[in-house]
Amino acid sequence: MRDMAPQRVAIIGAGASGLCALKCCLDEGLEPTCFERSKDIGGLWRFEENPEDGRASIYRSVIINTSKEMMCFSDFPIPEDFPNYMHNSKIMEYFRMYAQHFDLLRHIRFRTSVCRVSKRPDFATTGQWEVVTESEGKQEAAVFDAVLVCSGHHTDAHLPLNTFPVDELACQLGVKPNLLTLFLTDPRLALEVAFGPCTPYQYRLRGPGAWAGARKAILTQRQRVVRALQPPGRARPSALPRILKVLFSILAVIAAILVYRSRSP
Ligand SMILES: Cc1cc2nc3c(=O)[nH]c(=O)nc-3n(C[C@H](O)[C@H](O)[C@H](O)COP(=O)(O)OP(=O)(O)OC[C@H]3O[C@@H](n4cnc5c(N)ncnc54)[C@H](O)[C@@H]3O)c2cc1C
């Protein structure tokens, strides 16, 4: 009967990693509980003059060094009017939009530290873990089927894998875009995937976690980058494809020459 109940997952930390882990668990029909020892989401991106003990924090003026199309959650593009390289306050704004959009907050227990994770005595048959948490000085133990450690790597670094090859992982999971099939079925998209920037949406086109909005997100990524470079309040750039603009320009020049010649003596 245990197989029928949703699997319970403990997620440690509600920074960028914890938030998307939470969202993915919900997508898979799991039952996640996220434990965050501070009072809010965002992890090190939530600036505070005096961050809590044990929480890494950026400094006041940090601007992220990864562009918005590269850093975004793969199924939640960053709004087009956000700068391409965001100040930390905009990153927090984006995290809050993500948490709100996917209704994540109700699964997070704030001001709750995970003190210990250990295998249950019957782990060999159940695969279950005991997670001990502490909140307001009170300890509590609960049993989970899985634990996702998203506690960050800037205060207590623990990197169990020597390498983390994204491409190899993508192949193993079956989410790497198949360029040949794409060129045959959707050449416009194939061109952008093959020759455009390698943005995270590419890994949501197929396989587990495929997202219906991935194609559109890929085809509009340049538009979002360009939009962020426009002065505020300026009208959106025309959606007319560049090729049509070039064609119209050539036709206009030809028309001007013909008119000029017809009027010449
Ligand atoms: C100064 C600085 C600048 C950076 N700039 C960039 C950049 O420009 N581009 C880029 O891609 N990356 C950058 N990074 C890398 C950064 O690691 C990632 O961007 C990302 O924020 C990491 O998210 P995370 O969720 O893994 O960890 P964190 O953001 O550290 O979140 C971990 C969370 O876990 C909670 N937690 C920890 N232990 C427990 C516990 N036992 N119980 C309960 N909760 C716990 C913490 O309170 C925290 O909220 C930067 C890092 C730093 C320090």
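Here is a short dialogue on reading the ligand site and the sheet in this predicted model.

Me: Happy to start with the ligand. Which residues come nearest to it?

Reply: A residue joins the shell if one of its heavy atoms lies within 4 Å of the ligand. Here the shell holds 24 residues, and S17, E36, W45, N65 and H154 come nearest. By type, the shell divides into 9 nonpolar, 12 polar and 3 charged residues.

Me: And how do I read the polar contacts? What lies 3.0 Å from a nitrogen atom of the ligand?

Reply: Look for pairs of N or O atoms within 3.5 Å. A polar side-chain atom of T66 is 3.0 Å from a ligand nitrogen, and a backbone N or O atom of V114 also lies 3.0 Å from a nitrogen of the ligand. For S17, a side-chain N or O atom sits 2.6 Å from a ligand oxygen.

Me: Nice. How much of the ligand's accessible area does the protein cover?

Reply: On its own the ligand has 1000 Å² of accessible area, and the protein covers 80% of that. The elements giving two or more residues to the shell are α1 (16–27) and β4 (113–119).

Me: Now the sheet. In what order do the strands run?

Reply: Follow the pairing from strand to strand: 4 strands form an open, parallel sheet in the order β3-β2-β1-β7. β3 (108–109) and β7 (146–149) each have a single partner strand, so one side of each lacks a neighbour in the sheet. β1 (residues 8–12) pairs with β7 over 4 bridges, and V9 stands opposite A146 in β7.

Me: Which strands does α1 touch?

Reply: Helix α1 packs on the sheet, touching β1, β2 (31–35), β3 and β7, and its direction makes about 170° with that of β1.

How values were computed: Residues are numbered from 1 along each chain as its sequence is written. This is a predicted model: local features need pLDDT of at least 70, side-chain atom pairs count only at pLDDT 80 or more; totals for chains, interfaces and linings use all residues. Side-chain values use heavy atoms; hydrogens and water are left out. A polar contact is a pair of N or O atoms within 3.5 Å; within protein, one must be able to donate a hydrogen and the other to accept it, and residues adjacent in sequence count only if both atoms are side-chain atoms. Accessible areas come from the Shrake-Rupley method with a 1.4 Å probe; for residues, only the protein chains shown count as cover. Ala, Val, Leu, Ile, Met, Phe, Trp, Tyr, Cys and Pro count as nonpolar, Asp, Glu, Lys and Arg as charged, and the others, Gly among them, as polar. Two strands pair if DSSP finds at least two bridges between them. Contact means heavy atoms within 4.5 Å. Axes are lines fitted to C-alpha atoms, for helices over the stretch in contact, and angles run from 0 to 180 degrees between N-to-C directions.
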